[in-house]
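Please look over the model shown here. The report below covers the overall fold, one helix and a few selected residues.

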Amino acid sequence: MDKCVLIVDDNDFNRELVKDILEDEDITVYEAEDGSSAIELLESEQADDIDVVLMDMRMPGMDGIETTKIIRTKNGKCIEVPIIAMTADGFETDIGMLQKAGMNGLISKPVDVNTLVEHITKLAGW
């Protein structure tokens, strides 16, 4: 079974770091540099490949909460795809707010490899 994750983060370094971690686990990675690009990708044919979305919370323009709310209103697979919030403010993040927006989990930055893989595996059902 192919495994695929979409990383949504405006920071190139953060995307590359997480991408390297996931590729070492034989997971295919798609990337989006902002919320609009993520929504566009999730409305494309590639959406069928994506098992989990890793969503940065603080991005210019459309943040992770707003992006998730929009994704959850769309038709097709993207309405159901698990979304994990990624933030450097993990201890200050309101979990209820994330769940209300439609997110399924939270990963703190800097990313712990084992925690990241464990969350993704659990939500994707691999």
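The text goes from the whole chain to single residues.

**Basis**

This is a predicted model: local features need pLDDT of at least 70, side-chain atom pairs count only at pLDDT 80 or more, and totals for chains, interfaces and linings use all residues. Numbering starts from 1 along each chain as its sequence is written, and side-chain values use heavy atoms, with hydrogens and water left out.

**The chain**

The chain has five helices and five strands. Here helices (H or I, at least four residues) and strands (E, at least two) are DSSP runs, numbered from the N terminus. From the N terminus on, the order is β-α-β-α-β-α-β-α-β-α.

The C-alpha trace spans about 35 × 30 × 25 Å along its principal axes. A compact globule of 126 residues would have a radius of gyration near 14 Å; the chain has 13 Å, which agrees. That radius is taken over C-alpha atoms, and the globule rule is 2.2 Å times the number of residues to the power 0.38.

Of the 126 residues, 47% are buried. Buried means under 20% relative accessible area, exposed over 50%, and partly exposed in between (1.4 Å probe, protein chains only). Among contacts (heavy atoms within 4.5 Å) with a separation of 6 or more, 61% join residues 24 or more positions apart. The chain exposes about 6800 Å², and carbon and sulfur atoms supply 45% of this area. Accessible areas come from the Shrake-Rupley method with a 1.4 Å probe; for residues, only the protein chains shown count as cover.

**Helix H1**

H1 covers residues 12–24. At 1.5 Å a residue, its 13 residues should span 18 Å, and its end C-alpha atoms are 18 Å apart, which agrees. The expected span is 1.5 Å times one less than the number of residues.

Which residues of H1 are buried? They are Arg-15, Val-18, Lys-19, Ile-21 and Leu-22. These cover an arc of only 165° around the axis, which puts them on the same side of H1. The arc is that of the directions from the helix axis to the C-beta atoms. An α-helix has 3.6 residues a turn, so residues three or four places apart point the same way. Asp-12, Phe-13 and Asp-24 are exposed on the other side of H1.

The buried residues of H1 pack against strands E1 (4–8), E2 (28–32), E3 (52–56) and E4 (83–87), and against helix H5 (113–124). Asn-11 caps the N-terminal end: a side-chain oxygen lies 2.9 Å from the backbone nitrogen of Phe-13. Asp-26 follows H1. Asp-26 is not a glycine, yet has a positive phi of about 60°.

**Three residues compared**

| Residue | Place | Relative accessible area |
|---|---|---|
| Asp-26 | loop between H1 and E2 | 67%, exposed |
| Asp-56 | strand E3 | 5%, buried |
| Ile-107 | strand E5 | 2%, buried |

**Contacts of Asp-56 and Ile-107**

The side chains of Asp-56 and Lys-109 make a polar contact at 3.0 Å. A polar contact is a pair of N or O atoms within 3.5 Å; within protein, one must be able to donate a hydrogen and the other to accept it, and residues adjacent in sequence count only if both atoms are side-chain atoms. Beyond its neighbours within four places in sequence, Asp-56 is in contact with residues including Val-8, Asp-9, Gly-64 and Met-86.

Ile-107, with the same neighbours left aside, is in contact with residues including Ile-84, Met-86, Leu-116 and His-119. The C-alpha atoms of Ile-107 and His-119 are separated by 8.2 Å.

The peptide bond from Lys-109 to Pro-110 is cis, with omega near 0°. Pro-110 sits in the loop between E5 and H5.
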